[in-house]
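Hi everyone, thanks for squeezing me in. Have a look at the picture for a moment, and then I'll walk you through it piece by piece.

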Amino acid sequence: MSPDELRVVDVPEESRYELRLGEQLIGFSAYRRRPDRIVFTHTEIDESLEGSGFGSRLAAGALDDVRRQGLEVAPLCPFISAFIQRHPEYEDLVAARYRGRAAS
């Protein structure tokens, strides 16, 4: 499996970003959408692929899309919160009331 074949897709009818390899679902990050904000609530990666960087690929793709849309992020999902803490280039997306909160 080549990382170049992976793509992150927003699926609004499911309220989640999906990480896909072709038509295969590798993982997803669920969200609730608000007019000016996206609230990430839960992220899952296929058990057999955990620890291989796929979650980070999903988080980066989702956050890049959020940036393109001009939205703020409420990182209630512990994985997304920890990812943002490890990648300060995404900290500016976090809504002011959620900044500085430790990942659970």
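Let's start with helix H1, which lies across S1, strand S2 (16-21), S3, S4 and S5 and runs at about 130° to S2. Bear in mind that what you see is a predicted model. The average pLDDT for the protein is 91, and 92% of the residues score at least 70. Going element by element, the lowest mean pLDDT belongs to strand S1 (residues 6-11), at 95, and the highest to S4, at 97.

Okay, so what is that helix lying on? In what order do the five strands of the open sheet come? The order is S1-S2-S3-S4-S5, and the pairing is mixed. S1 and S5 are the edge strands, so to speak: each of them pairs on one side only. If you look from strand to strand, neighbours in this sheet are turned by 30° against each other on average, ignoring direction.

A quick reminder for anyone new to this: strands in a sheet pair through backbone hydrogen bonds, and they can do that parallel or antiparallel.

Now let's go through some of the pairs. S1 and S2 are antiparallel, with six bridges between them. In that pair, Val11 sits opposite Arg16 in S2. The two strands make a hairpin, with four residues in between. One residue to spot in the turn is Ser15, with a positive phi of about 55°. Ser15 isn't a glycine, and its phi is positive anyway. It counts as partly exposed because its relative accessible area is 31%, and the cut-offs for that class are 20% and 50%.

Next pair: strand S3 (residues 24-33) and S4 are antiparallel too, joined by seven bridges. Here Phe28 has Glu44 in S4 as its bridge partner.

And then S4 and S5. Do strand S4 (residues 37-45) and strand S5 (residues 72-75) run parallel or antiparallel? They run parallel, and four bridges join them. Between those two strands comes a helix: S4, helix H1 (residues 54-69) and S5 together make a right-handed β-α-β unit.

Let's zoom in on one residue in that region, Arg37, which lies in strand S4. Across from Arg37, in S5, stands Glu72. Their side chains also make a polar contact, at 3.1 Å. Is Arg37 buried or exposed? It's buried, because its relative accessibility is 19% and the cut-off is under 20%. Leaving out residues up to four places away in sequence, Arg37 touches several others, including Arg32, Val73, Ala95 and Tyr98.

Follow the chain on from S4 and you get to Asp46, in the loop between S4 and H1. Asp46 is partly exposed, because its relative accessibility is 29%. Its side chain makes a polar contact with the side chain of Ser48, at 2.6 Å. And how far apart are Asp46 and Phe28 in space? They're 18 residues apart in sequence, and C-alpha to C-alpha the distance is 9.0 Å.

Back up to H1 now, for two residues. The one I'd click on is Leu58, in helix H1. Leu58 is buried, because its relative accessible area is 0%. What does Leu58 contact, apart from neighbours within four places in sequence? The list is Val8, Tyr17, Glu18, Leu19, Gly27, Phe28, Ser29, Thr43 and Ile45. As for Leu58 and Leu25, they are 33 residues apart along the chain, and their C-alpha atoms are separated by 11 Å.

The other one is Asp65, also in helix H1. Asp65 is buried as well, because its relative accessibility is 17%. Again setting aside residues up to four places away, Asp65 touches Asp10 and Tyr17.

Last stop, the other helix I want to show you. Helix H2 (residues 78-86) lies across S3, S4 and S5, at about 120° to S5. Which residues of H2 are buried? They are Ile80, Ser81, Ala82, Phe83 and Ile84. The cover over those buried residues includes S3, S4, H1 and S5.

That's my tour. Thanks for listening, and feel free to spin the model around while we chat.

Key: Residues numbered from 1 in each chain as written. Predicted model: local features only at pLDDT ≥ 70, side-chain atom pairs only at ≥ 80, totals over all residues. Heavy atoms only, no water. Pairing = 2+ DSSP bridges. Right-handed = clockwise from strand over helix to strand, strands pointing away. Buried < 20%, exposed > 50% of the residue type's maximum accessible area, 1.4 Å probe, protein only. Polar contact = N/O pair within 3.5 Å; in protein donor to acceptor, adjacent residues only side chain to side chain. Contact = heavy atoms within 4.5 Å. pLDDT = per-residue confidence, 0-100. Axes fitted to C-alpha atoms, helices over the stretch in contact; angles between N-to-C directions.
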